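User: I've got a model open and want to go through its sheet, its helix packing, its backbone oddities and its empty spaces. Can you take my questions one at a time?

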Amino acid sequence: MADPDFQLDPEHLAALSHRAKRQIRQRMRATRQAYPSTAVAARSAKICERLLALPILAGAKAVASFAPLLERREVDLRPLDEALRHRGVALYYPFMDPTPTGYRTGFRKVERPDDLVPRLQPFAEPPPDAPEARRGDIDVVLVPALAVAADGHRVGYGMGYYDATLPDVVPPAISVVVAFDFQLLTELPHEAHD
């Protein structure tokens, strides 16, 4: 029988959470890699269709998206980018600029998908001179994930990019986690900063 007065100290809880997240990342990476690229493309197309039908995207004037890491079998949102541009929606993409103590993060406006280029991160980024989004410039932020729970918590690659960046624009922007159905889990370990 469990001792009702037993409590784990915060450091031990954090260590357990980190270990659980690491295991989830490994499992989800392996699961995604097991899907053939044709299956990823077909599932991505369906996700783009569903996103386009969302009322919050139908009324959006500016959306922050992400360039897919195709070799990691991420959801490919390039068709969504094209459809939103056709509607006249402004598109923003994440950037990470190196600083003496780490990185400065945010979203920059991208006029054409070809403007996204490899820089220092594995994902393609907007050029450094592209206009940066300020709070209120973006209506919807599309967030990639390795896993996501029904309560909205997500597990990404572990760099903390979205943990650091989303509070700069959300609210008033609304964040929408984008993932394949097999990445949806009942619950995920999370900490206060997640």
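User: How many bridges join β2 to β3?

Analyst: Keep in mind that this is a predicted model. In it, β2 and β3 run antiparallel, and a hairpin of two residues connects them. One pairing you can click on is proline 94 of β2 with phenylalanine 107 of β3. The number of bridges between these two strands is eight.

User: What about β1 and β2: do they run parallel or antiparallel?

Analyst: β1 covers residues 62-64 and β2 covers residues 90-99, with three bridges between them. Alanine 64, for instance, has tyrosine 92 of β2 as its bridge partner. The general rule allows either direction, since strands of a sheet pair through backbone hydrogen bonds, parallel or antiparallel. Here β1 and β2 run parallel.

User: Which strands stand at the edges of the sheet, and why is one side of each left without a neighbour?

Analyst: The sheet is open, with five strands in the order β3-β2-β1-β6-β9 and mixed pairing. From one strand to the next, the twist averages 25°. Each edge strand has a single partner, so one of its sides has no neighbour in the sheet. The two edge strands are β3 and β9.

User: Which strands does α4 touch, and what angle does its direction make with that of β2?

Analyst: α4, residues 78-86, packs on the sheet. The strands it touches are β1, β2 and β6. Its direction and that of β2 make an angle of about 125°.

User: And α2 against α4: at what angle do they pack, and how far apart are their axes?

Analyst: α2 passes α4 in a right-handed crossing. From α2, the contact uses Cys48, Leu51 and Leu52, and from α4 it uses Pro79, Leu80, Ala83 and Leu84. Sorted by class, that contact is seven nonpolar residues, with no polar and no charged ones. The angle is about 35°, and the axes are 8 Å apart.

User: Where are the cis peptide bonds around proline 171, and what are their omega values?

Analyst: As a baseline, most peptide bonds are trans. Proline 171 is in the loop between α5 and β9, and proline 172 is in the loop between α5 and β9 as well. The bond joining valine 170 to proline 171 is cis, with omega about -15°. The one from proline 171 to proline 172 is also cis, with omega near 10°.

User: What is the phi of arginine 73, given that it is not a glycine?

Analyst: Most residues other than glycine have a negative phi. Arginine 73, in the loop between β1 and α4, has a positive one. The value is about 60°.

User: Moving to the empty spaces, which element gives the largest share of the lining of the second largest pocket?

Analyst: That pocket has a volume of about 470 Å³. Its lining takes in 16 residues, and those closest to the centre are Ile47, Arg50, Ala179, Phe180 and Asp181. Elements that give two or more residues are α2, β7 and β9. The largest share, five residues, comes from α2.

User: How many charged residues are in the lining of the second largest pocket?

Analyst: Split by class, the lining has 12 nonpolar residues and no polar ones. Arg50 and Asp181 are among the residues closest to the pocket centre, and Arg and Asp both count as charged. The charged total for the lining is four.

User: What volume does the largest cavity have?

Analyst: The structure holds one cavity of 30 Å³ or more. Arg32, Glu74, Val75, Pro144, Ala145, Tyr157, Val178 and Gln183 line the largest cavity, which by class gives five nonpolar, one polar and two charged residues. The volume of the largest cavity is about 40 Å³.

Note on methods. Residues numbered from 1 in each chain as written. Predicted model: local features only at pLDDT ≥ 70, side-chain atom pairs only at ≥ 80, totals over all residues. Heavy atoms only, no water. 1 Å grid on protein atoms, 1.4 Å probe; cavity = no way out; pocket = protein on both sides within 12 Å on 5 of 7 lines; lining within 4 Å. Points joined across faces, edges and corners; volume = space filled by probe spheres on them. Helix = DSSP H or I, 4+ residues; strand = E, 2+ residues; numbered from the N terminus. Axes fitted to C-alpha atoms, helices over the stretch in contact; angles between N-to-C directions. Left-handed = near helix turned anticlockwise from the far one by under 90°. Contact = heavy atoms within 4.5 Å. Pairing = 2+ DSSP bridges.
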